[in-house]
Amino acid sequence: MPAENTLVGGEPELGRQRYTFSIVGVQKAGTSTLSSLLDTHVNIARAPRKELRYFDDDSVDWARTDHASYAVPRRRRVHRHLGDASPRYLVWPHALERMHAYDPGMRLIAMFRDPVDRVFSHWVMTRSREGESGPDWPQFISWRPERFPTEIPDELGGPQARRRFRLANGVVRGYYGSQLRRGFEVFGREQWLLMDFTAFLADHEGHLDAATDHLDLPRFTRHPPLKHLMAATEAVTGTAPTGEDLRVLADALAGEVAEYAALSGLPVDHWTTTRLLAGTLDADEQAHRYAVRAGLAPR
């Protein structure tokens, strides 16, 4: 490859821009919004697309790959960073380990959202994309393994293992404590920036400052406006959640929420899950609110 500043076809060759940071999770928690805002920074190159899903490809021989494709042509000398925003990385078996092999110094950002709110939003998204061939609500929340899976389990194996795991892991994506524990084992704690979705929406400028500080970049002189928010909940067909469903989910996630709070240092008192566990939120009323949002119950 020509060295930087040499001429190729009469134009300066700037070489290849490597990925230097990743927004690794969680799905349905504002990762698209955060990514789009960071992409406006003068020192951050825009990725070809938001979700590259590079490190969750189980068909690659990761012991032999040279990662040559995990880069883009460098367009401007001022670019110092390039980010991959693939929220699947935090939950997908071996994704973080593969990322560490690529670059042990990678900077990581993770945004978290209340896990019960998140799993409902995830189901609505899946149902709207897959239609009635996708899992209905009772099936979507049925797989609640005792431990966070470090491999695609045998019961989801076979030729369609990746798809089956993707459609089954809605609740598992809320095992935040286990995900952070694993993440801190692979990458040093100082390489992580953790955010709460609700706090981000309330103060996106402060969170952008935290992100640019984390990347050792100057802060925005003028913060971009918060306008690329998550899409509104779509109307879907299917079975509406019940209060009992929410109580079961909250109980299943209680230990993960406690570990997440201890590891992250972020507040969880405002979360639906925490309020359900504390008895300060009526589960039946919350289930009805979800059903109305998805067009499964009248207002």
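Trainee: Why is His 94 called partly exposed?

Mentor: Its relative accessible area is 30%. Buried means under 20%, exposed over 50%, and partly exposed in between, with a 1.4 Å probe and protein chains only. His 94 at 30% therefore counts as partly exposed. Bear in mind that this is a predicted model, where local features need pLDDT of at least 70 and side-chain atom pairs count only at pLDDT 80 or more, while totals for chains, interfaces and linings use all residues. Residues are numbered from 1 along each chain as its sequence is written, and side-chain values use heavy atoms, leaving out hydrogens and water.

Trainee: What is notable about phi of His 94?

Mentor: Phi is near 75 degrees, a positive value in a residue other than glycine. His 94 sits in the loop between β7 (81–85) and α2. Helices (H or I, at least four residues) and strands (E, at least two) are DSSP runs, numbered from the N terminus.

Trainee: What makes Asp 66 exposed?

Mentor: Its relative accessibility is 63%, and the cut-off for exposed is over 50%, so the label fits.

Trainee: Which backbone atom does the side chain of Asp 66 reach?

Mentor: The backbone nitrogen of Ala 68, at 3.0 Å. A polar contact is a pair of N or O atoms within 3.5 Å; within protein, one must be able to donate a hydrogen and the other to accept it, and residues adjacent in sequence count only if both atoms are side-chain atoms. The 3.0 Å distance is within that limit, so this is a polar contact.

Trainee: How do you know that β4 and β8 pair?

Mentor: Strands pair if DSSP finds at least two bridges between them. Strand β4 (residues 21–25) and strand β8 (residues 107–112) have four bridges, in the parallel sense, so they qualify. Ile 23 stands opposite Ile 109 in β8. Both strands belong to an open sheet of five strands, in the order β5-β7-β4-β8-β9, with parallel pairing.

Trainee: What makes β5 and β9 edge strands?

Mentor: Each of them, β5 (44–45) and β9 (192–196), pairs on one side only.

Trainee: Why is helix α6 called mostly covered?

Mentor: Nine of the eleven residues of α6 (residues 176–186) are buried, including Tyr 176, Leu 180 and Phe 184. Being buried, these residues are under the 20% cut-off, so the description holds. The buried residues of α6 pack against α2 (95–102), β8, α3 (115–130), β9 and α9 (243–264), where contact means heavy atoms within 4.5 Å.
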